[in-house]
Amino acid sequence: MAEEKRKRILSGIQPTGTPTLGNYIGAVRNWALLQSDYDCLYMVADLHSLTVRQVPADLRRRTRELAALLLAVGIDPKEHVLFVQSHVPAHTELAWVLACNTQFGELSRMTQFKDKSAKHPDNVNGGLFTYPVLMAADILIYNADLVPVGQDQTQHLEIARDIAGRFNGIYGDTFTLPEGYVPAAGAKIMSLAEPTKKMSKSDTNVNSFILMTDDKDAIVRKFKRAVTDSDGVVRFDRETKPGVSNLMCIYSTFTGKSNDEIAAEFEGKGYGDLKLAVAEVTADALAPVQTEYARILADKGYVDEVLKNGAERASRLANRTVSKVYRKVGLLQLDK
C-alpha cells in the first residue's frame, strides 16, 4: 500500500525585530513541532517588511538573525525548507498576476490596511495596500495545504482562498485552496501592559512584551510589572480578568497544566507568586533556545549556506508554479 502523501505547510515571519514570546508560543514554537507530520516551508518574509520604512543595514542583520533563531528553535533545514522571501523572485512574479485577479474592493476591506494606515499616516504606500496579494502568492506558489494563522491573519488566508478560487474558475484547476491551521492552545498571547491587546514587538512600551532573546533578569522584571487586577484571585476569565488569564495561558503552555490546576496551585496566594512562577517557566523554556541561537549566529557561513540551499529548493517549486500560471494566462514563454 502506497504511503499517504504528507500535506504541505507554509508560514513566514517578518524580520522587523526579535520575535516576542507571543510569536514563540503562537507560531515559531509550533513550527518545529509540525515537522514530524508535514512537509514544511518556512520563510523569512523580508519583502513584507518593506511596507514600513526600514534601515537597510538593520534589515539585513535582522534577516540573518531571524534565520538563526528559527534554526535554534529546531527547524531542520535538511528535511524541510528554510529560506528568505526575496531570494525567490518567483513570489513577486506571481503576485503581479494575482493582483490582476484581485478586486480593489477586496483589498480596501482588509482591516490590517486600515490599522497600519492609521499607525503610519505619513507612509500609506501602495505596498501596504497590496501586500495581501503578495501574501497570497507566498502561499499559492507552493500549493500549500495548510497555513498556520493567528486570529488576526484569518482575513489574509480568506482573500488568498478567494483569489485562488477565482483564478481556478477562470483558467482551470491551478492552485490548491489552503486551509488555516490554528494551534489548540496559546494561539494569542496578550500584552503584559495592556492585556486586551495582542503582544507586539512594535509596542513602544518595552515592558509590554517578552523578547525571545531577553535574559532571565529582564523576563522576571517585565512579568513583575504585568498588569493584573484588584480582585486578588487567580482565576481564568478573559472578559473580566484579561491580565491574570494571559499569565495563566503562558503558564499553561510551558507546564501543561489546565486552568483549573493553575487556579488550585495558586489558591490563597497573591499575584506576585503567579508572576514569578510564570517568569521562571518562561526563562527556563527560552534558555536552551538562546544558547543554541548564540552558537548558530556565530557561524555566519553556516546560516548563509542554509539560506542559499533553501532558496534553491524553494525556487524549484515556485518556478514550476509560475511557469504553469504564465502559460494559463497566455504569456509567451520561450524554451530555455
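How many residues does helix H9 have, and how far does it reach from its first C-alpha to its last? Helix H9, residues 242–255, has 14 residues and reaches 20 Å, close to the 20 Å expected at 1.5 Å a residue. Keep in mind as you look around that this is a predicted model.

Let's stay with H9 for a moment. Of its 14 residues, 11 are buried, so the helix is largely enclosed by the rest of the structure. Going along the helix, the buried ones are Pro242, Gly243, Val244, Ser245, Asn246, Leu247, Met248, Cys249, Ile250, Tyr251 and Thr253. What do they pack against? Their partners are helix H1 (21–34), helix H8 (216–224), helix H10 (259–265) and helix H11 (271–297). Just after H9 you come to Gly256, which takes a positive phi of about 80°.

Two residues of H9 also turn up in the surroundings of Phe223: leaving aside neighbours within four places in sequence, Phe223 is in contact with Leu247 and Ile250, and also with Leu21, Leu192, Ile210, Lys275, Val278, Ala279 and Thr282. Phe223 belongs to the largest nonpolar core, which has 59 residues, and is one of those that touch the most other members, along with Leu21, Tyr24, Tyr42, Leu70 and Val234. H11 supplies the largest share of this core, 11 residues. Apart from it lies another core, this one of 39 residues, including Val88, Val97, Ile139 and Phe175.

H11 itself deserves a look. With 27 residues, H11 reaches 37 Å between its first and last C-alpha, close to the 39 Å expected at 1.5 Å a residue. Follow H11 along and you'll find a bend of about 30° at Ala287, with a proline, Pro288, following within four residues.

Helix H6 (residues 126–140) has a kink too, of about 40° and centred on Pro132. Even so, the end-to-end distance of H6 agrees with expectation, because its 15 residues should span 21 Å at 1.5 Å a residue and its end C-alpha atoms are 21 Å apart. H6 is also largely enclosed by the rest of the structure, since 12 of its 15 residues are buried. Among those buried residues are Pro132, Leu128, Phe129, Tyr131, Asp138 and Ile139. Ile139 is one of the members of the 39-residue core.

Now for the strands. S1 (residues 8–13) pairs with S2 in the parallel sense over 6 bridges, and Leu10 stands opposite Leu41 in S2. To get from S1 to S2, the chain goes through H1, and this β-α-β crossover is right-handed. Next door, S2 (residues 39–44) runs parallel to S3, joined to it by 4 bridges. One pairing you can pick out is Val44, whose bridge partner in S3 is Val84. Here the chain crosses from S2 through helix H2 (residues 56–73) to S3, in another β-α-β crossover that is right-handed.

Which residues of S3 point which way? From this strand (residues 81–84), Val81 and Phe83 point one way while Leu82 and Val84 point the other, and all are buried. Finally, try finding Phe83 and Asp304 together: they are 221 residues apart in sequence, yet 9.8 Å apart in space, C-alpha to C-alpha. Asp304 sits in helix H12 (residues 300–329). Is Asp304 buried or partly exposed? Its relative accessibility is 28%, so Asp304 counts as partly exposed, as the buried class stops under 20%.

Methods: Residues are numbered from 1 along each chain as its sequence is written. This is a predicted model: local features need pLDDT of at least 70, side-chain atom pairs count only at pLDDT 80 or more; totals for chains, interfaces and linings use all residues. Side-chain values use heavy atoms; hydrogens and water are left out. Buried means under 20% relative accessible area, exposed over 50%, partly exposed in between (1.4 Å probe, protein chains only). Helices (H or I, at least four residues) and strands (E, at least two) are DSSP runs, numbered from the N terminus. Two strands pair if DSSP finds at least two bridges between them. A crossover is right-handed if, with the strands pointing away from the viewer, the path from the first strand over the helix to the second runs clockwise. The expected span of a helix is 1.5 Å times one less than its number of residues. Contact means heavy atoms within 4.5 Å. A nonpolar core is a set of buried Ala, Val, Leu, Ile, Met, Phe, Trp, Tyr and Cys residues joined through side-chain atoms within 4.5 Å. The bend at a residue is the angle between axes fitted to the seven residues ending there and the seven starting there.
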